[in-house]
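Subject: A structure to look through

Dear colleague,

I am handing over the structure we spoke about, and I would be glad if you opened it beside this message and followed along from one part to the next.

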Amino acid sequence: MRSRVSAIIAAGGRGARFGGAQPKQFQTLAGVSILERTVETFLQGYAFDEVIVALPSELAASPPAYLDDVIVVEGGERRQDSVANGFAAVAPSSQVIVIHDAARPLVSPALIERTVTAAFEHGAAIAALQARDTVKRGDASRIIRGTLPREEIFLAQTPQAFRVGVLRDALALASTAADATDEAMLAEQAGHHVHLVEGDPRNLKITTPEDLDMAERLLGRQNGAATIRIGNGYDLHRLVAGRPLILGGVTIPFDKGLDGHSDADAVCHAVTDAILGAASAGDIGRHFPDTDPAWKGANSIELLKRAVAMVNAAGYVVANVDVVVIAQRPKLSPHVDAMRVNVARALGIDARQVSVKGKTNEGVDSTGTGDAIAVHAVALISVL
């Protein structure tokens, strides 16, 4: 029989240190409230049997719509009171309960899973980061009174997970204990050993507006809204008699040329695919199909310019490209710089941001026997 796991999200505080007209858990992070982001991770990132959210009393009666799929309870004056109210709503069959601060919206499903796993094994577990800096103990007058061994110092995070019996013992102390900073502290006082699980430095707790700014930056990187994106491109054409050999917009003297619907410029085609791929904007075959007479004999530099316009319209600019041309012959080195200039102009960047390298295939396969030319390209694009 599958073990039953419940989650309690503590969102009952007022966030006085944050300031503002509403509790911090309802502040927006990249256009979505902090609480909604946290709840979504718990609903989508792990197979919880139930998720319980403790809200401030004035909001519990009429919670926002994004909480329709969770159990809402009224929070208490203290954190442990909110958690106790959530615990009272947990299904009797639950075996492990995870507690998480709503103010940690960047928690990862992987961190949740390893905390739950450790709780099943050890009875109680918390996510925590080992101190990396030298830790000093000071007094009220800000005088150092000692240096603590940092290998023994861990900075607690949530999630924290407990077998039901352990959490019940911990919360039994809640009514008489002074404000507990977390449930692990109460579990320790109840005589239980709490296991440390490797935390995540991105699992930031939002306490001040500066923390919210940091979370915005972390979220951008985490989501791939990212300031940079990378794409790969590849093209191969047969060498045939009676066609000009055009690579990177340069007509190269040779007795054969590349066969294709357009001018068959494999360098431009590979770069086009790379920048379109980086922007998740399809590929060259989708936008310039060889079944369309409009592209018969087309200048591939012009096609590349059109692709750049699509990438720009998607909100990106090309940062640089790196191209490898695989050809047994002709020798490409005399033409590389001209190719770089042509491709750079089409991309709207400096030639120093374009690399073109010629390689042979050591006599192997169609490129090595001189029957074809292949091109690989990598493109880096960034947000406009």
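What follows is a walk through the main sheet, the helices around it, a hairpin and a few single residues. Please keep in mind throughout that this is a predicted model.

**The seven-stranded sheet**

A good place to begin is the open sheet of seven strands, whose order is S5-S4-S1-S6-S10-S7-S11 and whose pairing is mixed. Strand S5 (71-74) and strand S11 (195-198) stand at its edges, and because each has a single partner strand, one side of each is left without a neighbour in the sheet. On average, neighbouring strands of this sheet are turned by 30° against each other, if direction is ignored.

Within the sheet, strand S1 (residues 5-10) and strand S6 (residues 96-101) pair in the parallel sense, over six bridges, and along this pair you can find isoleucine 8 opposite isoleucine 99 in S6. Helix H4 (residues 109-122) packs on the sheet and touches S1, S6, strand S7 (124-130), strand S10 (154-163) and S11, with a direction that makes about 60° with that of S10. Helix H5, for its part, lies across S6, S7 and S10, and runs at about 115° to S10.

Strand S10 also holds proline 159, which is joined to threonine 158 by a cis peptide bond with an omega of about 15°.

**Two pairs of helices**

Two packed helices are described by the angle between their axes and the distance between the axes. For helix H3 (residues 79-88) and helix H5 (residues 164-172), the axes come within 11 Å and cross at roughly 135°, which means that H3 is oblique to H5. Their crossing is left-handed, and the contact is made by Gln80, Val83, Ala84 and Phe87 of H3 together with Val164, Leu167, Arg168 and Leu171 of H5.

How do helix H8 (residues 266-278) and helix H10 (residues 300-313) lie, and at what angle do their axes cross? These axes come within 9 Å and cross at roughly 5°, so H8 and H10 are roughly parallel to each other. On the H8 side the residues that meet H10 are Cys268, His269, Val271, Thr272, Ile275 and Leu276, while H10 brings Ser300, Ile301, Leu304, Ala307, Val308, Met310 and Val311.

**A buried glutamate**

Glutamate 183 lies in helix H6 (residues 183-189). Is glutamate 183 buried or exposed? Its relative accessible area is 1%, and glutamate 183 is therefore counted as buried, since buried means under 20%. The side chain of glutamate 183 makes a polar contact, at 2.6 Å, with the side chain of arginine 79. If its neighbours within four places in sequence are left aside, glutamate 183 is in contact with Arg79, Gln80, Val83, Ile99, Gln160, Phe162, Leu167 and Ala170.

**A hairpin**

Strand S8 (residues 135-138) and strand S9 (residues 144-148) pair in the antiparallel sense over four bridges, and lysine 136 stands opposite threonine 147 in S9. The two strands form a hairpin with five residues between them, and arginine 142 in the turn has a positive phi of about 65°.

**Residues in loops**

Most residues other than glycine have a negative phi, and most peptide bonds are trans, so it is worth looking at some places that depart from this. Alanine 264, in the loop between strand S15 (257-258) and H8, has a positive phi near 60° and is buried, with a relative accessible area of 0%. Glutamate 362, in the loop between S17 and helix H12 (365-368), has a positive phi near 55°, but glutamate 362 is exposed, with a relative accessible area of 68%. A cis peptide bond with an omega of about 5° joins arginine 329 and proline 330, and proline 330 lies in the loop between strand S16 (316-326) and H11.

Finally, aspartate 350 lies in the loop between helix H11 (336-347) and strand S17 (354-359), and at 33% relative accessibility aspartate 350 counts as partly exposed. A polar atom of the side chain of aspartate 350 lies 2.7 Å from the backbone nitrogen of arginine 352.

With best wishes

Methods: Residues are numbered from 1 along each chain as its sequence is written. This is a predicted model: local features need pLDDT of at least 70, side-chain atom pairs count only at pLDDT 80 or more; totals for chains, interfaces and linings use all residues. Side-chain values use heavy atoms; hydrogens and water are left out. Two strands pair if DSSP finds at least two bridges between them. Buried means under 20% relative accessible area, exposed over 50%, partly exposed in between (1.4 Å probe, protein chains only). A polar contact is a pair of N or O atoms within 3.5 Å; within protein, one must be able to donate a hydrogen and the other to accept it, and residues adjacent in sequence count only if both atoms are side-chain atoms. Contact means heavy atoms within 4.5 Å. Axes are lines fitted to C-alpha atoms, for helices over the stretch in contact, and angles run from 0 to 180 degrees between N-to-C directions. Angles under 35 degrees count as roughly parallel, over 145 as roughly antiparallel, 65 to 115 as roughly perpendicular and the rest as oblique. A crossing is left-handed if the near helix is turned anticlockwise from the far one by less than a right angle, and right-handed if clockwise.
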